[in-house]
Amino acid sequence: MKSLKFALIVLTLLPFITACDDNDQLPRDTINSPNGLIIDLEWTTGGSATQALDEVDLDLLLTSGVDLVDESESADFERVRIENFYRDGSYILSITYFDGISNVDFSVFLRGTSSTSNIVVESSFSGNEQGLTIDYLEIVKSGTTYTINLL
């Protein structure tokens with residue numbers, strides 16, 4: 001009886017196991033863009049976009065080693081860029097819960113400047129994490145290819 005239950009479980013999960021194997025052959029979080037990379041940060045506190053912007057301020061910071069590459073300075077949702085003429089190498093995208101006391105869910109959208117396809121990465125801060133900065137993503141630029149790694 002136990003082997004019959006095991007067989008049923010394996011047969012039920014087989015399509016999911018196969019789907020995971022197929023995904024291993026796809027390119028991993030890579031964007032090809034000859035004109036650079038745009039990185040947008042948006043968030044929600046559970047209501048409208050206006051409410052989210054009133055309740056919480058998140059900031060983006062892009063560094064390469066000890067060098068500041070770009071930082072968001074907006075009263076709206078945030079944006080930074082890696083220009084196509086920047087040197088090849090590793091860039092770190094940091095997110096700061098600058099101001100607020102609400103729990104906040106955020107999404108980081110990465111796309112080439114001439115592309116409509118996005119890579120979207122999502123996470124959250126709790127309301128008691130005001131002032132916290134996290135190194136969130138590593139972006140490796142190699143020519144016109146940008147590889148995104150979650151830290």
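The largest nonpolar core of this predicted model has 28 residues, and those with the most contacts inside it are I39, L58, F106, V108, L110 and I139. Eight elements each supply at least two residues of this core, namely strand 2 (37-44), strand 3, strand 5 (78-82), strand 6, strand 7 (104-112), strand 8 (119-125), strand 9 and strand 10 (145-150). F106, which is among the core residues with the most contacts, can serve as a point of entry: leaving aside neighbours within four places in sequence, F106 is in contact with L41, E42, W43, L58, I95, V121, E122, S123, S124, F125, I134 and Y136.

From the core we can step back to the chain as a whole. The protein chain has 2 helices and 10 strands, and when it is read along the sequence these elements follow the pattern α-β-β-α-β-β-β-β-β-β-β-β. Of its 151 residues, 32% count as buried, while the accessible surface comes to about 9100 Å², with 53% of that area belonging to carbon and sulfur atoms. Among contacts between residues at least 6 apart in sequence, 66% join residues that are at least 24 apart.

Strands of a sheet pair through backbone hydrogen bonds, in either a parallel or an antiparallel sense. Here, an open sheet of 6 strands has the order 1-10-9-6-3-4, and the pairing is antiparallel. Strand 1 (30-32) and strand 4 (67-71) stand at the edges, and because each has a single partner strand, one side of each is left without a neighbour in the sheet. From one strand to the next, the twist averages 25 degrees.

The pairings within this sheet can be followed strand by strand. Strand 3 (residues 56-64) runs antiparallel to strand 6 (residues 89-100) and is joined to that strand by 8 bridges; here D59 has T96 in strand 6 as its bridge partner. Strand 6 also pairs with strand 9 (residues 133-142), again in the antiparallel sense and over 8 bridges, with I92 standing opposite E138 of strand 9. Strand 9 in turn pairs with strand 10 over 6 bridges, likewise antiparallel, and S142 has T145 in strand 10 as its bridge partner.

A last stop is the loop between strand 2 and helix 2 (49-55), where T45 lies. The side chain of T45 makes a polar contact with the side chain of E55, at 2.6 Å. Not counting residues up to four places away in sequence, T45 touches Q51, A52, E55, V56, S102, N103 and V104.

Notes
Residues numbered from 1 in each chain as written. Predicted model: local features only at pLDDT ≥ 70, side-chain atom pairs only at ≥ 80, totals over all residues. Heavy atoms only, no water. Pairing = 2+ DSSP bridges. Helix = DSSP H or I, 4+ residues; strand = E, 2+ residues; numbered from the N terminus. Core = buried A, V, L, I, M, F, W, Y, C linked by side-chain atoms within 4.5 Å. Buried < 20%, exposed > 50% of the residue type's maximum accessible area, 1.4 Å probe, protein only. Contact = heavy atoms within 4.5 Å. Polar contact = N/O pair within 3.5 Å; in protein donor to acceptor, adjacent residues only side chain to side chain. Axes fitted to C-alpha atoms, helices over the stretch in contact; angles between N-to-C directions. Areas by Shrake-Rupley, 256 points an atom, 1.4 Å probe, with all protein chains shown as cover.
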